[in-house]
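Welcome, and please open your viewer. Could you keep the selection panel at hand while we walk through a few stops together?

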Amino acid sequence: MGVSTSGPEKGISVVAVDFPPVNALPVQGWYDLADAVRAAGRDREIRCVVLTAVGRGFNAGVDIKELQRDPGHEALIGANRGCQEAFAAVYECEVPVVAAVQGHCLGGGIGLVGNADVIVASDDATFGLPELDRGALGAATHLARLVPQHLMRALYYTSRTVTAAELHAHGSVWKVVPRARLDAAALELAREIARKDGHLVRLAKAAINGIDPVDVRRSYRFEQGFTFEAALSGTADRVRDTFGSQGKDRQGKDSPGKDRQGRDSQGKDRQGRDSQGKEETSG
């Protein structure tokens with residue numbers, strides 16, 4: 001469990017995240033991820049980094065239970081700073097970062113993939129910001145890099161998700177593949193990038209970041225100010241206290257969120273029917 005780094009091929013570094021059951025990262029996990037990505041980018045032998053995850057989904061954001069256990073605001077401050085560092089590490093990595101996304105990609109996961117250079121996703125991947133349902137704000141900066149402005153706002157206000165296929169249609173996902181093919185597809189792209197001249201690839205990354213119209217670090221930091229305001233006003237705690245009852249499925253597992261049709265990640269709509277209109281039955 002934690003963050004690990006491997007080198008499957010020359011010129012490629014794979015940074016993998018593993019925080020079961022849903023890859024909701026504790027404070028230290030965000031810092032560990034930032035350190036691993038930055039270290040990989042500093043290695044002059046590396047020309048591409050693949051960011052991936054183990055388990056059910058790519059990322060479920062911040063570990064809310066860690067925040068709930070803290071009677072003060074230290075965990076919240078740590079989570080915000082940790083997220084800021086992890087997102088920045090992906091964006092500022094000296095070489096291109098390919099995000100390989102499966103299952104749910106929520107909250108902080110959007111911050112990571114929104115700052116990645118390229119996204120490869122499995123056909124079961126869903127993306128969204130359930131922040132308003134969890135007493136938080138943030139990462140609209142990064143969601144705006146994935147979808148058009150008005151869709152970003154609708155997704156943000158409703159906490160709904162979009163599929164990998166929808167993001168592919170918007171041009172923000174490079175390729176959608178069956179889940180069993182995800183790692184191979186990400187490595188295939190990383191291999192193509194890694195064949196380029198290492199010095200030139202690093203110059204290209206710096207040049208592309210330099211012409212970016214949005215300062216993502218400053219923009220996200222601005223958003224975080226409203227997260228702190230929600231916390232200090234008590235609004236965050238009031239909303240977060242309902243998360244345990246509203247954010248669990250019938251087996252007690254964390255529910256990754258709803259898609260644009262109001263279905264959860266298992267395909268259930270708000271009336272408890274599956275996507276074919278059949279009623280959900282209990283044991």
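This tour follows a small set of charged side chains and the helices that carry them.

Before you click, note that this is a predicted model, where local features need pLDDT of at least 70, side-chain atom pairs count only at pLDDT 80 or more, and totals for chains, interfaces and linings use all residues. Residues are numbered from 1 along each chain as its sequence is written, and side-chain values use heavy atoms, with hydrogens and water left out.

**Stop 1: helix H3.** Select residues 74-92, which make up helix H3. Helices here are DSSP runs (H or I, at least four residues), numbered from the N terminus. H3 has 19 residues and spans 26 Å from first C-alpha to last, close to the 27 Å expected (1.5 Å times one less than the number of residues). Of these 19 residues, 14 are buried, meaning under 20% relative accessible area; exposed means over 50% and partly exposed lies in between, with a 1.4 Å probe and protein chains only.

**Stop 2: Glu92 and Arg38.** Now show these two side chains, which meet in a salt bridge at 3.2 Å, N to O. The term stands for a side-chain nitrogen of Lys or Arg within 4 Å of a carboxyl oxygen of Asp or Glu. Arg38 sits in helix H1 (residues 27-42) and Glu92 in H3, so the pair ties together parts 54 residues apart in sequence. Glu92 is partly exposed at 36%, and Arg38 is partly exposed at 25%.

**Stop 3: Arg217.** Add Arg217 and Glu85, whose closest N and O atoms are 3.4 Å apart in a salt bridge. Arg217 belongs to helix H10 (residues 216-233) and Glu85 to H3, so this pair joins parts 132 residues apart in sequence. Arg217 is partly exposed, at 29% relative accessibility, and Glu85 is too, at 25%. Which residue also forms a salt bridge with Arg217? Glu92 does, with the closest N and O atoms 3.4 Å apart. That link runs between H3 and H10, across 125 residues.

**Last stop: the network.** Select Arg38, Glu85, Glu92 and Arg217 together to see a network of salt bridges. For further exploring, the whole structure holds twelve salt bridges.

Definitions and conventions
Helices (H or I, at least four residues) and strands (E, at least two) are DSSP runs, numbered from the N terminus.
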